[in-house]
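Subject: Structure handover

Hello,

Here is the structure I said I would pass on. Please open it beside this message, and then read the notes below it.

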Amino acid sequence: MYQLGWSTLPGLRGLSCGDFRAASTEAPDNEHGVAVEFVNETERDNFLRQLEAHFAPQRFTNTADAFDSVKAFVLERVRT
């Protein structure tokens with residue numbers, strides 16, 4: 001199980017999300033982040049690259065919107 005995290009940074013056109021990371025955990029916290037299982041490190045690393053590519057061009061008006069968007073994206077991808 002991995003706990004996903006990311007940075008939300010201000011910019012001229014709004015907030016951006018990046019610096020996605022996954023830390024191994026035995027105590028997942030889905031209230032303040034997203035916990036995901038991966039088959040191996042390669043799958044984890046590929047997923048982190050997908051997150052970076054998907055969110056690089058996006059901008060958000062507030063941190064709650066950014067957090068909810070990332071969380072929804074991850075949960076949708078993990079279910080499929």
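Of the 80 residues in the protein chain, 35% are buried. Please keep in mind that this is a predicted model. The radius of gyration of the protein chain is 12 Å, and the globule rule gives 12 Å for 80 residues, so the chain is as compact as a globular protein of that length. Along its principal axes, the C-alpha trace spans about 40 × 25 × 20 Å. Take the contacts between residues at least 6 apart in sequence: 61% of them join residues at least 24 apart.

Overall layout

The protein chain has two helices and three strands. Read from the N terminus, the order of the elements is β-β-β-α-α.

The three strands make an open sheet in the order 2-1-3, with antiparallel pairing. Strand 2, residues 16–24, and strand 3, residues 34–36, are the edge strands, and each of them pairs on one side only. From one strand to the next, the twist averages 30°.

As background, the strands of a sheet pair through backbone hydrogen bonds, and the pairing may be parallel or antiparallel.

Strand 1 covers residues 2–9 and is joined to strand 2 by seven bridges. Two of the bridge partners can be looked up directly. L9 has S16 as its partner in strand 2, and Q3 has A23. Strand 1 and strand 2 form a hairpin, with six residues between them. In the turn, G14 has a positive phi of about 125°.

Helix 1, residues 41–55, lies across strand 1 and strand 2. Its direction is at about 165° to strand 2.

Two residues of strand 1

Is Q3, a residue of strand 1, buried or exposed? Its relative accessibility is 17%, and the cut-off for buried is under 20%, so Q3 counts as buried. The side chain of Q3 reaches the backbone nitrogen of D29 at 2.8 Å. Neighbours within four places in sequence aside, Q3 is in contact with a list of residues that includes R21, A22, A23, D29, V34 and A35. T61 is a useful reference point in the other direction: Q3 and T61 are 58 residues apart in sequence, and their C-alpha atoms are 25 Å apart in space.

S7 also lies in strand 1. The side chains of S7 and D19 are joined by a polar contact of 3.4 Å. With neighbours within four places in sequence left aside, S7 is in contact with S16, C17, G18, D19 and R21.

A residue of helix 1

R44 is found in helix 1. Its relative accessibility is 15%, which is under 20%, so R44 counts as buried. The side chain of R44 makes a polar contact of 3.0 Å with the side chain of D45. Beyond its neighbours within four places in sequence, R44 is in contact with Y2, A22 and F38.

The aromatic residues

How many aromatic pairs does a search of the whole structure find? There are seven. One of them is F55 with F60: the ring centres are 6.4 Å apart and the planes are at 40°. Planes under 30 degrees apart would count as stacked and those over 60 as edge-to-face, so this pair is tilted.

Both partners can be checked for burial as well. F55 has a relative accessibility of 1%, so F55 counts as buried. F60 has a relative accessible area of 5% and is buried too. Ring pairs link F55 and F60 into a cluster with W6, F20, F67 and F73.

If you want a path through the model, start with the pairing of strand 1 and strand 2, go on to helix 1, which lies across both, and finish with the ring cluster that includes W6 and F73.

Regards

Key:
Residues are numbered from 1 along each chain as its sequence is written. This is a predicted model: local features need pLDDT of at least 70, side-chain atom pairs count only at pLDDT 80 or more; totals for chains, interfaces and linings use all residues. Side-chain values use heavy atoms; hydrogens and water are left out. Two strands pair if DSSP finds at least two bridges between them. Helices (H or I, at least four residues) and strands (E, at least two) are DSSP runs, numbered from the N terminus. Axes are lines fitted to C-alpha atoms, for helices over the stretch in contact, and angles run from 0 to 180 degrees between N-to-C directions. Contact means heavy atoms within 4.5 Å. Rings of Phe, Tyr and Trp (its six-membered ring) pair if their centres lie within 6.5 Å; planes under 30 degrees apart count as stacked, over 60 as edge-to-face and the rest as tilted. Buried means under 20% relative accessible area, exposed over 50%, partly exposed in between (1.4 Å probe, protein chains only). A polar contact is a pair of N or O atoms within 3.5 Å; within protein, one must be able to donate a hydrogen and the other to accept it, and residues adjacent in sequence count only if both atoms are side-chain atoms. The radius of gyration is taken over C-alpha atoms; the globule rule is 2.2 Å times the number of residues to the power 0.38.
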